[in-house]
Amino acid sequence: PAGTNLLNYWCAYNVSGETTVHYDLQRYLESLANAGIRQLHIIMHSMGARVFLRSFAAIKELLVQRFPHGMDTGAHRPSYADLPTEQSS
């Protein structure tokens with residue numbers, strides 16, 4: 001949202017911390033659940049990540065209760081440490 005103007009960045013930064021923004025995110029997620037959505041994938045970037053992470057404490061229970069099929073912890077994914085290494089001869 002900042003574009004090329006640094007002032008716009010700080011405006012967006014300030015708005016991302018407003019209570020109404022977090023409340024709107026919670027209402028949006030509730031509307032998805034009320035519409036029958038049961039699985040949800042959330043991708044965050046930049047200021048959107050700031051909004052989501054600052055809202056997380058308030059929306060955590062909503063996500064667990066209303067989107068039970070969409071809670072992917074990544075536990076099934078191997079990490080880089082699990083990948084085989086090349087053996088030198």
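Here a trainee and a mentor discuss a predicted model of a protein chain.

Trainee: How many helices and strands are in the protein chain?

Mentor: Start from the N terminus. The elements run α-α-α. The count is three helices and zero strands.

Trainee: What share of the residues counts as buried?

Mentor: A residue must be under 20% relative accessible area to count as buried. The chain has 89 residues. The buried share is 22%.

Trainee: How much area does the protein chain expose, and what part do carbon and sulfur atoms supply?

Mentor: The exposed area is about 7200 Å². Carbon and sulfur atoms supply part of that area, namely 56%.

Trainee: Are α1 and α3 roughly parallel or roughly antiparallel?

Mentor: Two packed helices are described by the angle between their axes and the distance between the axes. Helix α1 covers residues 6-16 and helix α3 covers residues 47-66. They pack at about 20 degrees, with axes 9 Å apart. Angles under 35 degrees count as roughly parallel, so α1 and α3 are roughly parallel.

Trainee: Which residues in α3 does α1 meet?

Mentor: From α1 come Tyr9, Ala12, Tyr13 and Ser16. The residues of this contact divide into five nonpolar, one polar and one charged. On the α3 side they are Met47, Arg50 and Val51.

Trainee: How do α2 and α3 lie, roughly parallel or roughly perpendicular?

Mentor: Helix α2 covers residues 19-34. Its axis and that of α3 come within 9 Å and cross at roughly 25 degrees. The cut-off is again under 35 degrees, so α2 and α3 are roughly parallel.

Trainee: How many nonpolar residues has the contact of α2 with α3?

Mentor: Leu25, Leu29 and Ala33 are among the α2 residues there. Those on α3 include Phe52, Ile59 and Leu62. By class, four residues of the contact are polar, three are charged and 10 are nonpolar.

Trainee: Is the crossing of α2 past α3 left-handed or right-handed?

Mentor: Look at α1 as well. Helix α1 passes α3 in a right-handed crossing. For α2 past α3, the crossing is right-handed.

Trainee: Which residue has a positive phi although it is not a glycine?

Mentor: Look in the loop between α2 and α3. The phi there is about 55 degrees. The residue is serine 46.

Trainee: Is serine 46 buried or partly exposed?

Mentor: Its relative accessible area is 47%. Buried needs under 20%, and exposed needs over 50%. The value falls in between, so serine 46 is partly exposed.

Notes. Residues are numbered from 1 along each chain as its sequence is written. This is a predicted model: local features need pLDDT of at least 70, side-chain atom pairs count only at pLDDT 80 or more; totals for chains, interfaces and linings use all residues. Side-chain values use heavy atoms; hydrogens and water are left out. Axes are lines fitted to C-alpha atoms, for helices over the stretch in contact, and angles run from 0 to 180 degrees between N-to-C directions. Helices (H or I, at least four residues) and strands (E, at least two) are DSSP runs, numbered from the N terminus. Angles under 35 degrees count as roughly parallel, over 145 as roughly antiparallel, 65 to 115 as roughly perpendicular and the rest as oblique. A crossing is left-handed if the near helix is turned anticlockwise from the far one by less than a right angle, and right-handed if clockwise. Contact means heavy atoms within 4.5 Å. Ala, Val, Leu, Ile, Met, Phe, Trp, Tyr, Cys and Pro count as nonpolar, Asp, Glu, Lys and Arg as charged, and the others, Gly among them, as polar. Buried means under 20% relative accessible area, exposed over 50%, partly exposed in between (1.4 Å probe, protein chains only). Accessible areas come from the Shrake-Rupley method with a 1.4 Å probe; for residues, only the protein chains shown count as cover.
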